[in-house]
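Reader: Could you take me through one spot in this model in some detail? I'd like to see how it sits in its surroundings.

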Amino acid sequence: MKGIILIGFMGAGKTTVGKLLSEKTGMEHIDFDDKIVEEIGMTIQEYFDLHGEAAFRERETNVLKRYLDHNQVVSTGGGIVMRPENRELLKQMAPVVYLQTKPEVFIPRLKHDHTTVRPLVVSKSPEEIKQVFEPRIPLYEESASIVVDTDERTPEEIVHEILENI
Ligand code: S3P
């Protein structure tokens, strides 16, 4: 089976669904944020503080290029679709699955996640988080070959739908 690449906003469940897909398919699971953290030797928050978002996006593009011919399950970072170059690369990487979610669902999830500090949402109000999210919606849609609505569904149901549709 060819690999599967997961895209979507922070808190959409890319890592949870990626791990479960990996279990079900036997394919290795790769998390781009983990790869970047390994390379930079610090947290993403520290990297943003020291080098800024543009430098992080450059790293993200480099990781994406390394996995063009992938046969793993890949969980991307929520901002992977920000650069036009990345969107073009993603289009060559089908199946790209957009895990769709709405602010009412992902904002409380982000607030309760104390394991990851996300520089673009930390200490932001729900309204400010929506302003990060909304311009990205068409970018996720443009980059995806499959769209899966994740709200009110279990990771098992989501994985089932992905495997039925790829
Ligand atoms: C980001 C999402 C994060 C991480 C970084 C930036 C974004 O990944 O890459 O904090 O711009 O959406 P997750 O989507 O895994 O939280």
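Let's pick Thr 15: why does Thr 15 count as partly exposed, rather than buried or exposed?

Author: Sure, and keep in mind that this is a predicted model. Thr 15 has 15 C-beta neighbours inside 10 Å, so it counts as partly exposed; buried would take 20 or more, and exposed 12 or fewer. The UniProt annotation "binding site", from an unreviewed entry, covers Thr 15. Leaving aside residues up to four places away in sequence, Thr 15 touches Asp 31 and Ser 75.

Now zoom out a bit. Thr 15 is part of helix α1, residues 14–25. The backdrop is an open sheet of five strands, ordered β2-β3-β1-β4-β5 with parallel pairing. At its edges are β2 (29–31) and β5 (146–149), each pairing on one side only. From one strand to the next, the twist averages 25°. Helix α1 packs on this sheet and touches β1, β2, β3 (73–75) and β4, with its direction at about 175° to that of β3. Two of those strands, β1 (residues 4–7) and β4 (residues 96–100), pair in the parallel sense over three bridges; Ile 5 has Val 96 as its bridge partner in β4. Helix α2 (residues 32–40) lies across β2 and β3, at about 60° to β2.

Then there's the ligand. The residues surrounding the ligand include Lys 14, Asp 33, Gly 77, Gly 78, Gly 79 and Arg 118. By type, the shell around the ligand splits into four nonpolar, three polar and three charged residues.

Conventions:
Residues numbered from 1 in each chain as written. Predicted model: local features only at pLDDT ≥ 70, side-chain atom pairs only at ≥ 80, totals over all residues. UniProt positions renumbered as here; feature names shortened; annotations may be inferred. Helix = DSSP H or I, 4+ residues; strand = E, 2+ residues; numbered from the N terminus. Contact = placed C-beta atoms within 7 Å. Near = placed C-beta within 6 Å. Nonpolar A, V, L, I, M, F, W, Y, C, P; charged D, E, K, R; others polar. Pairing = 2+ DSSP bridges. Axes fitted to C-alpha atoms, helices over the stretch in contact; angles between N-to-C directions.
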